[in-house]
Amino acid sequence: MLIGTIEGVTRVIGKSQGYLGLPLRDELINCTVGGQCTPAMVTAWQPTPDELARLNAGASVHLRVLGTVHPPVMVGVGDPPA
């Protein structure tokens, strides 16, 4: 997956740590566990042509989290480009 630029970017994280830099949008969501106004960060990812072909063939999306403690995450699909 290629890092995309999410609409409404509020900051870029990771670049100072040697990573490519990940544009994200901070937002507040209503969460069934965390309650109303739970802070969340949203990022955008674009599949490469090979990944898109594998997804269309039924492959799953894999989420890799660095470290040993898994934070709560949500995976979804954004709107197509205008």
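Where is the place of Arg25? Arg25 sits in strand β3, and we'll come back to it once the surroundings are clear.

First, some ground rules. What you have here is a predicted model, in which local features need pLDDT of at least 70 and side-chain atom pairs count only at pLDDT 80 or more, while totals for chains, interfaces and linings use all residues. Residues are numbered from 1 along each chain as its sequence is written, and side-chain values use heavy atoms, with hydrogens and water left out.

Now the overall picture. The protein has one helix and five strands, where helices (H or I, at least four residues) and strands (E, at least two) are DSSP runs numbered from the N terminus. Read from that end, the elements go β-β-β-β-β-α. The C-alpha trace spans about 35 × 35 × 35 Å along its principal axes. Of the 82 residues, 12% are buried, meaning under 20% relative accessible area, with exposed being over 50% and partly exposed in between (1.4 Å probe, protein chains only). The accessible surface adds up to about 7100 Å², and 59% of that belongs to carbon and sulfur atoms; the areas come from the Shrake-Rupley method with a 1.4 Å probe.

On to the sheet. Three strands make an open sheet in the order β2-β3-β4, with antiparallel pairing; two strands pair if DSSP finds at least two bridges between them. The edge strands are β2 (11-13) and β4 (35-42), each pairing on one side only. On average, neighbouring strands of this sheet are turned by 45 degrees against each other, direction ignored, with axes taken as lines fitted to C-alpha atoms (for helices over the stretch in contact) and angles running from 0 to 180 degrees between N-to-C directions. Strand β3 covers residues 22-31 and pairs with β2 over three bridges in the antiparallel sense. Within that pairing, Val12 stands opposite Pro23 in β3.

Back to Arg25, then. Why does Arg25 count as partly exposed? Because its relative accessibility is 24%. Leaving aside neighbours within four places in sequence, Arg25 is in contact (heavy atoms within 4.5 Å) with Ile6, Glu7, Gly8 and Thr10, and also with Ala40, Met41 and Val42. As for Asp79, 54 residues away along the chain, its C-alpha atom is separated from that of Arg25 by 15 Å.

That same contact cut-off gives a view of the whole chain: among contacts between residues at least 6 apart in sequence, 25% join residues at least 24 apart.
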